[in-house]
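Visitor: I have a model open and would like to talk through its internal spaces and then its contacts. Could you take me through it step by step?

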2 protein chains.
Amino acid sequence: MGAALALVGKGRHFASLGIREVTRQAGVVPTSFYRHFRNMDDLGLQLVDELGLVLRRMMREARANVLQSDKLIEESVGIFVAHARTNRNFFMFMAQGLAGESRAVQEGIRSEMRFFASELANDLRRLRLMDHLSDADLDLTCDLVVRTVAFSLTDLLSVSPDDDYQIGQIRKRTTRFLQMIFVGAGHWQSDGA
Amino acid sequence: MGAALALVGKGRHFASLGIREVTRQAGVVPTSFYRHFRNMDDLGLQLVDELGLVLRRMMREARANVLQSDKLIEESVGIFVAHARTNRNFFMFMAQGLAGESRAVQEGIRSEMRFFASELANDLRRLRLMDHLSDADLDLTCDLVVRTVAFSLTDLLSVSPDDDYQIGQIRKRTTRFLQMIFVGAGHWQSDGA
DNA sequence: CACATTAGTGAACAAGTGTACACATCAACA
DNA sequence: TGTTGATGTGTACACTTGTTCACTAATGTG
């Protein structure tokens, strides 16, 4: 799995990886592959599971650092950007998987995103933010937030991880996106929406 | 190019396609490939160019059908969904390319999206909507809109093109996303954003 | 310690891959 | 009509690929 991630991190697309290639990168003989996975799709699914853990770690950190901050959005985006850098390969895999060729991997990632959105909704409820929104509308908002952040991922991954200036730009832009969404959510249904 | 698109439409990822595979689908001998393209990346780039045309056609239709409608957002999303169905393979290619393995294709698609966003900004200016926004903020809004629609693409492409119910759901949800964004844009900078 | 499970090995095979080269076909135009 | 440029063909070569099978090394548990 590490070998596959490493190749993805080098710019290869997961769908184009072969068993021999992965085992070669892992420093192991091709047949060993079958001791762990039935095929590449299987490997992909297990990567999605690990991706889930990465995302949960990120959420935990965000909750810890953000609870009483007034710059909730800015902080959260910062944590996201930091994690995207630390776990670059995982996030690359995620970005690829959304339109990947394995339906199962696709669905897995989608499901991780849904989970993330629902946790975000819980947090906002708990913090008594967006109290005027119905459950459905809060859901809508969180879904939109998660999508926006996920799309920023593709921006983030398309620049060098050392290009602090560009990364800063993306962080600022993403923050403004979210601010605009929350302004919209704040006025939702109180006007002609 | 048609053959490559057809394979993508069948669920394959562009990055995993080979020259022989494409020529086989095209009903032509492998060596013929080199008469038209230098390699698969080259083919990808030419597909991006054609994708540009598809998007422009869509924009033209949207402008024609939407000028004096009060349901501007709803109509536009409808046109988008319709085009996504008609040109399913092109849009699949687009969704894949955003996180694809050819940097050039990636940049090409990204650039098409920027163009689309800037045209949208022009239209909004012309229609005297969002008149209170600075150029930069209008840009921000349009970028966010285009991203949101692009992400909906992955939803759209993950369901069967004949599943009218699910497609309708996606259309409605996307519409609400955009409405929320525009509500946010409408109140932008007038409150604590 | 012995034993069972797990992980890794090496050789083999049929099939598929990218690419090179010389040759054939065909449309368009002088 | 003859020539030319674009497109397609057939053969060939050196690799790479997925998967199989029988075998070995290491691991931890009774």
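Visitor: How many cavities turn up in the whole structure?
Guide: Bearing in mind that this is a predicted model, a search of the whole structure gives five cavities of 30 Å³ or more.

Visitor: What's the volume of the largest cavity?
Guide: The largest cavity holds about 610 Å³ of space.

Visitor: And which residues lie nearest its centre?
Guide: Its lining is made up of 31 residues, and those nearest the centre of the largest cavity are B:Met59, B:Ala62, B:Ser76, B:Phe116 and B:Leu120.

Visitor: Which helices supply that lining, then?
Guide: In chain B, α4 (40-66), α5 (72-86), α6 (88-97), α7 (103-126), α8 (135-158) and α9 (164-186) each supply at least two residues of the lining of the largest cavity, and α7(B) gives the most, with eight residues.

Visitor: How does the lining of the largest cavity divide into nonpolar, polar and charged?
Guide: For the largest cavity, the lining comprises 25 nonpolar residues, one polar residue and five charged residues.

Visitor: OK, what about the second largest cavity, what volume does that have?
Guide: The second largest cavity has a volume of about 190 Å³, and 16 residues line it, with A:Leu98, A:Phe151, A:Thr154, B:Leu98 and B:Thr154 the closest to its centre.

Visitor: Which helices supply the lining there?
Guide: From chain A, α5 (88-97) and α7 (135-158), and from chain B, α6 and α8, each supply at least two residues of the lining of the second largest cavity. By class, that lining has 14 nonpolar and two polar residues, with no charged residues.

Visitor: Switching topic: which residues are closest to DNA strand C?
Guide: DNA strand C is surrounded by 14 residues, and the closest are A:Arg35, A:His36, B:Arg20, B:Arg24 and B:Thr31. By class, the surface near DNA strand C has four nonpolar, five polar and five charged residues.

Visitor: Which helices of chain B supply that surface?
Guide: Both α2 (19-26) and α3 (33-36) of chain B supply at least two residues each to the surface near DNA strand C, and the largest share, three residues, comes from α2(B).

Visitor: Of the strand's atoms within 4 Å of the protein, how many belong to sugar or phosphate?
Guide: Sugar or phosphate accounts for 32% of the atoms of DNA strand C within 4 Å of the protein, and the rest belong to bases.

Visitor: Which side chains have polar atoms by the bases, and at what distance?
Guide: Among them, B:Arg20 has a polar side-chain atom 2.4 Å from a base nitrogen of DNA strand C, while A:Thr31 has one 3.0 Å from a base oxygen of that strand.

Visitor: And what lies 2.9 Å from a phosphate oxygen?
Guide: That is an N or O atom in the side chain of B:Tyr34, with the phosphate oxygen belonging to DNA strand C.

How values were computed:
Residues numbered from 1 in each chain as written. Chains lettered and ligands numbered in written order. Predicted model: local features only at pLDDT ≥ 70, side-chain atom pairs only at ≥ 80, totals over all residues. Heavy atoms only, no water. 1 Å grid on protein atoms, 1.4 Å probe; cavity = no way out; pocket = protein on both sides within 12 Å on 5 of 7 lines; lining within 4 Å. Points joined across faces, edges and corners; volume = space filled by probe spheres on them. Helix = DSSP H or I, 4+ residues; strand = E, 2+ residues; numbered from the N terminus. Nonpolar A, V, L, I, M, F, W, Y, C, P; charged D, E, K, R; others polar. Near = heavy atom within 4 Å. Polar contact = N/O pair within 3.5 Å; in protein donor to acceptor, adjacent residues only side chain to side chain.
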